[in-house]
Amino acid sequence: MPVDKNTSDTQIRLEHSLMTHIMLLQLKPTTTDGDIDSLFQSMHAMQHYIPHLVAVTTGENHSLQHKGWTHGILLHFLENQHLQQAMKQSLYQNIIEQLASLCDTWITFDIPQILPLNQVISPPPTPSAQPQTSPTTSKQTKRQRGTTRAYRQIDPRIVALTVEQLGVDEMEVVFTASFVEDLNADSLDLVEYMLALEETFHIKIPDEDISVLMRSIGDIQNYLVEKGVLQDAKN
């Protein structure tokens, strides 16, 4: 991977074109709290297996003018192409079948956002911020508040490599961290990082894959999982 000394940071910087896939649901009268909780759990579980699905938000619609659209699901992808790829996977299709069995109808919106990833995804609330619930109301409360899971555990080798190559604190090496916006990497830093990545994991990264990997730490981990180099780390 040759280094182009004339390449500026802005030329290689790729904006975070986050694509949010929104689903609004009208439930069947026979759908129970347990049914919708199971659906929401399935949606969140997809984040472990669908590449570039960086966050999942689920919850109940509190608007007084909901007109029957009582629940919503938001799937946050890095790009529209990642959403389109996810929709072809059998796991996604099976969960949509589960959704269809619980709904009279549903509608979808795909809304792009050109923003730094760390401005649109927040970490999950700390345990102290969670409301206290009794066993009889926990399911209802979980549906009402909704949840967002934006962070996943990073492989220790990726953390160590990032700390060494970019001189950052290991606490900064989170799944959603942008190399340019959050870790302040320039073009030379990124080229050296990719070379070190190849050496550490004994792989050869094709040129066409490099631009995607220059986005975020999460893209690095997803790529290595897809290539079978490491197993996906769970939350």
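**Helices, strands and loop histidines of the predicted model**

His202 is situated in the loop that connects α8 with α9, where helices (H or I, at least four residues) and strands (E, at least two) are DSSP runs numbered from the N terminus. The structure is a predicted model, in which local features need pLDDT of at least 70 and side-chain atom pairs count only at pLDDT 80 or more, while totals for chains, interfaces and linings use all residues. Residues are numbered from 1 along each chain as its sequence is written, and side-chain values use heavy atoms, with hydrogens and water left out.

The phi angle of His202 is near 55 degrees, which is a positive value in a residue other than glycine. Most residues other than glycine have a negative phi. His202 counts as exposed, its relative accessibility being 73%; here buried means under 20% relative accessible area, exposed over 50%, and partly exposed in between (1.4 Å probe, protein chains only). A positive phi is also found at His52, a residue other than glycine, for which the value is near 70 degrees. His52 is placed in the loop between α2 and β2, and with a relative accessibility of 9% His52 counts as buried. A further loop histidine, His66, lies between β2 and β3 and counts as partly exposed, at 29% relative accessibility. His66 is separated from Gln26 by 40 residues in sequence, whereas the C-alpha to C-alpha distance between His66 and Gln26 is 9.8 Å.

The loop of His66 joins two strands, β2 and β3, which pair with each other in the antiparallel sense over seven bridges, a pair being assigned if DSSP finds at least two bridges between two strands. Within this pairing, Thr58 stands opposite Ile73 of β3. Strand β2, which comprises residues 53-60, is mostly covered, since six of its eight residues are buried. Strand β3, which comprises residues 71-77, is largely enclosed by the rest of the structure, because six of its seven residues are buried.

Helix α2 (residues 33-45) contains 13 residues and reaches 18 Å from its first C-alpha to its last, close to the 18 Å expected at 1.5 Å a residue, the expected span being 1.5 Å times one less than the number of residues. The buried residues of α2 are Ile36, Asp37, Leu39, Phe40, Met43 and His44. Viewed down the axis of α2, these buried residues fall within an arc of 160 degrees, so they line one face of the helix; the arc is that of the directions from the helix axis to the C-beta atoms. In helix α3, the residues His82, Leu83 and Ala86 are buried. These three cover an arc of only 100 degrees around the axis, which puts them on the same side of α3.

Turning to the annotated position, an unreviewed UniProt entry lists Ser187 for "modified residue: O-(pantetheine 4'-phosphoryl)serine"; UniProt positions are given in the numbering used here, feature names are shortened, and annotations may be inferred rather than shown by experiment. In the model, Ser187 lies in helix α8, which spans residues 187-201. Ser187 counts as buried, because its relative accessible area is 16%. The annotated serine in α8 is thus a buried residue, whereas His202, in the loop between α8 and α9, is exposed.
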